[in-house]
Structures are given as structure tokens and as C-alpha cells.
Amino acid sequence: MRRIFICFLFFFTVVSKESVSQDYLNLDGKEYYKKGDYLYEWGVLKIDVYKVFLYCDRKDCTRSDILNNNGSYALKFLYLRNIKKKYSKKGWEVGLKRNLKKNYRKYINEVNWLQDITKDMKKNDEVILLIDRNEFAYYKNDKVVAKITNAKLTNIISLPWLGDNAITKACRKNLLGN
């Protein structure tokens, strides 16, 4: 009987933590509210790559607020497999080119900076991109990898997932909770 109780307690703890833990994000003493999430799958075989979550500093933030840097928000990525940095770098390039189009060259310094800080990812790595108006912080597994004040960068950082030409329409829709 005791063994059953311990198994039940373990299961209850794991399930409750998993179901509640993603609803809020506490970062640097500030609480962010989950807006939505999306499972990114790659290729014809639909290989799970990462799960991305969007958090805002207000429960009622909108896409316009995010794209115009009105407030703070975070994109959190939970990697579901190992990813070499060359593929992440290519993702930045493609995602930003699709959204910026002819303006891409105007942001080349920001794109290069993003590619420079991009690292290899291992299964279960957690990356957070925190945007607070003109401030940007990149966290990997709860450690700050990079911080910068750059309005041009914070204006484009979310485009691959929330821009008009996001990686998929479903991604944008799911992240925004629509």
C-alpha cells in the first residue's frame, strides 16, 4: 500500500508540475504570463525540434504590443533533440529574410550578432529570448549568455515566429493564443 501511495504521489507531483509550470515564467524577479505555445516540427516526417512558448508581462498583450516593443515579453524554447548551431544560424537567416525582405541588409549587423551568440543545442536545453523594449537578453539553461541594448534587434527578434511570414501561420496563431 505504501508503494502505491509513493507512486501516486510521484505521478501527481510530476503531472501537476508539468501542467502548471509553463503557465507562468519568473525571470529576474518579474512574472510573465503565458500567451501561447507551439510545437515546431521539421520536414515531411514531422520531426519534433522544439516547443516554443510566448510570455508577456501583461495578460492582455497583443501582437501589436510585441512587434512595437510596448512592454516586455519572452520567447522560451524547450529543445526536444540535439540541434547543431549551423542549423539554428540558418533558421535565423531564413526566418528574418522571409519577414524583412528587401530591408534584410539594413539589419545585417543584428543578424550577424544573433548568429554569433547562437550555440549548439542539446535535448532538454532551455533557451529564453527576453525582450524589454530596447533591451535584449539571451538565456540558456538559466544562465545569461548575452545581453545588449539595441532597438533594431528588439524590433526583429520575434519575426520568425510572430511576423507576417512566420515559420508557419499556425505558429503565429498558437503563440498569440488565437
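**Sheet and helix arrangement in the predicted model**

In the predicted model, Y24 lies opposite Y33 of strand β2. The two strands concerned, β1 and β2 (residues 30-42), are paired in the antiparallel sense through four bridges. This pairing belongs to an open sheet of seven strands, ordered β1-β2-β3-β4-β5-β6-β7, in which the pairing is antiparallel. The edges of the sheet are occupied by β1 (24-27) and β7 (143-149); each has a single partner strand, so one side of each remains without a neighbour in the sheet. From one strand to the next, the twist averages 25 degrees.

Helix α4 packs on this sheet, where β6 (135-140) and β7 are touched by the helix. The direction of α4 makes about 170 degrees with that of β7. Helix α4 spans residues 108-117 and includes Q115. The relative accessibility of Q115 is 15%, and because the cut-off for a buried residue is under 20%, Q115 counts as buried. When residues up to four places away in sequence are set aside, Q115 is in contact with K89 and E93.

Over the whole chain, seven helices and seven strands are found. Read from the N terminus, these elements follow the order α-β-β-β-α-β-α-α-β-β-β-α-α-α. The chain comprises 178 residues, of which 40% are buried. Of the contacts between residues at least 6 apart in sequence, 57% join residues at least 24 apart. The accessible surface of the chain amounts to about 10,800 Å², and carbon and sulfur atoms account for 53% of this surface.

Confidence in the prediction was examined for the chain and for its elements. The mean pLDDT of the chain is 88, and a score of at least 70 is reached by 88% of the residues. Among the elements, strand β4 (residues 72-79) has the highest mean pLDDT, at 97, whereas helix α1 (residues 2-21) has the lowest, at 43. Within α1, the pLDDT is below 50 over residues 3-20. Beyond near neighbours in sequence, the stretch 3-20 has zero contacts in the model.

Conventions. Residues are numbered from 1 along each chain as its sequence is written. This is a predicted model: local features need pLDDT of at least 70, side-chain atom pairs count only at pLDDT 80 or more; totals for chains, interfaces and linings use all residues. Side-chain values use heavy atoms; hydrogens and water are left out. Buried means under 20% relative accessible area, exposed over 50%, partly exposed in between (1.4 Å probe, protein chains only). Contact means heavy atoms within 4.5 Å. Accessible areas come from the Shrake-Rupley method with a 1.4 Å probe; for residues, only the protein chains shown count as cover. Two strands pair if DSSP finds at least two bridges between them. Axes are lines fitted to C-alpha atoms, for helices over the stretch in contact, and angles run from 0 to 180 degrees between N-to-C directions. pLDDT is the predictor's confidence in each residue, from 0 to 100.
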